[in-house]
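Subject: Structure handover

Hello,

Here is the structure I said I would pass on. My notes on it come after the coordinates.

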Amino acid sequence: MAWAFAGATPLDSGYPSGFPDRRHRYAGEFGGWDGHRSRHQRWAKPVPAKVIRIATAADLEAMTWVLIGAAPLDPVYPYRYPNRDLYTDELFARMCSQKCVEYLDTSIVVVCEMDGRVVAFAAWDAPSPIRDRHRSAPLQEPQPSVPSLPITIGHERRMRAFRETCAASKRALFDAVYTARGRQHMFLKILLCHPDYQRRGAGRALTAWGIDEARRAGVDTTVFASPMGLELYKKLGFKEVGRFRVQLEGEDVFLEIPALVLSGEKRVTEG
């Protein structure tokens, strides 16, 4: 997600523990080693063409698939759902679907298609001129209700603390600052890419869409960064303007989340 930065535990490097030689971790995808000449030889892997467009109600199932696949990779997931094994995959899928309905109803949702399917999406909270042009059509069909269960789905106190702290921090770090300047901002609410399609430019393309929209409107782009997205945002020119922590009293585990801003004067093109 575009939110959480894990401050409770060190982030791993993306390689399996105890792997004997990291050079071979992605050899089949990114390159090979020539042992005779002792130098790295790279070969290009074909990258599917990307289609960036505004989401519609028909994308709900694909968005849910992306959310289900990407959520466990974000540190906010185990923080909010430490009891994930206590409820079924079907119920979790319904929860993810309802969250995607919320994105479609309240934000501008932009999807990235590769190989003829939606593989990533971003939800933007945008100034009214941008929102009026691109607002995703809300779903018309009622969604199935989630049955009540005898267990709590997720850690209720952590989930409430996460929502409230993020909302308060957005007001303090972004909304109030821009309001005081008589300006607005383009906020990246969430950015997700299915694991099967990560590192192929989908996240960059979706972020670039929002940045270019913000630039045309003369406003800055803002985001609460995740560990996965932080490097990308910095490469695109985002600057950190503050951090906040989500932590319950009496617990050692917490989330530390950086807030980033990109000036509306900069333009980003996909590459």
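What follows goes from the whole chain to the sheet, then to one hairpin and one loop.

Please keep in mind that this is a predicted model.

Overall figures. The protein chain has 271 residues, of which 45% are buried. Its secondary structure amounts to eight helices and nine strands. If you count contacts with a separation of 6 or more, 77% of them are between residues 24 or more positions apart. The exposed area of the protein chain is about 14,400 Å², and 50% of that comes from carbon and sulfur atoms.

The sheet. Seven strands form an open sheet with mixed pairing, in the order β3-β4-β5-β6-β7-β9-β8. The edge positions belong to β3 (51-54) and β8 (239-246); each has a single partner strand, so one side of each lacks a neighbour in the sheet. On average, neighbouring strands are turned by 25° against each other, direction ignored. Helix α8 (residues 227-235) packs on this sheet and touches β6, β7 (220-224) and β9 (255-262). The direction of α8 makes about 20° with that of β9.

Pairing from the β3 edge inwards. β3 and β4 run antiparallel and are joined by four bridges; in one of these pairs, Ile52 has Cys112 of β4 as its bridge partner. Strand β4 (residues 108-114) then pairs with β5 in the antiparallel sense, over seven bridges. Here Val109 stands opposite Ala123 in β5. The hairpin of β4 and β5 has two residues between the strands, and Asp115 takes a positive phi near 55° there.

On β5 itself: residues 117-125 make up this strand, and seven of its nine residues are buried. Besides β4, β5 has an antiparallel partner in strand β6 (residues 185-193), with six bridges between them. Asp125 stands opposite Phe187 of β6 in this pairing.

The loop before α4. Thr88 sits in the loop between α3 (76-80) and α4 (89-106). Is Thr88 buried, exposed or partly exposed? Its relative accessible area is 49%, and since exposed would require over 50%, Thr88 counts as partly exposed. The Thr88 side chain also reaches the backbone nitrogen of Leu91, at 3.1 Å.

That is what I have on this model.

Regards

Conventions: Residues numbered from 1 in each chain as written. Predicted model: local features only at pLDDT ≥ 70, side-chain atom pairs only at ≥ 80, totals over all residues. Heavy atoms only, no water. Buried < 20%, exposed > 50% of the residue type's maximum accessible area, 1.4 Å probe, protein only. Polar contact = N/O pair within 3.5 Å; in protein donor to acceptor, adjacent residues only side chain to side chain. Pairing = 2+ DSSP bridges. Contact = heavy atoms within 4.5 Å. Areas by Shrake-Rupley, 256 points an atom, 1.4 Å probe, with all protein chains shown as cover. Axes fitted to C-alpha atoms, helices over the stretch in contact; angles between N-to-C directions.
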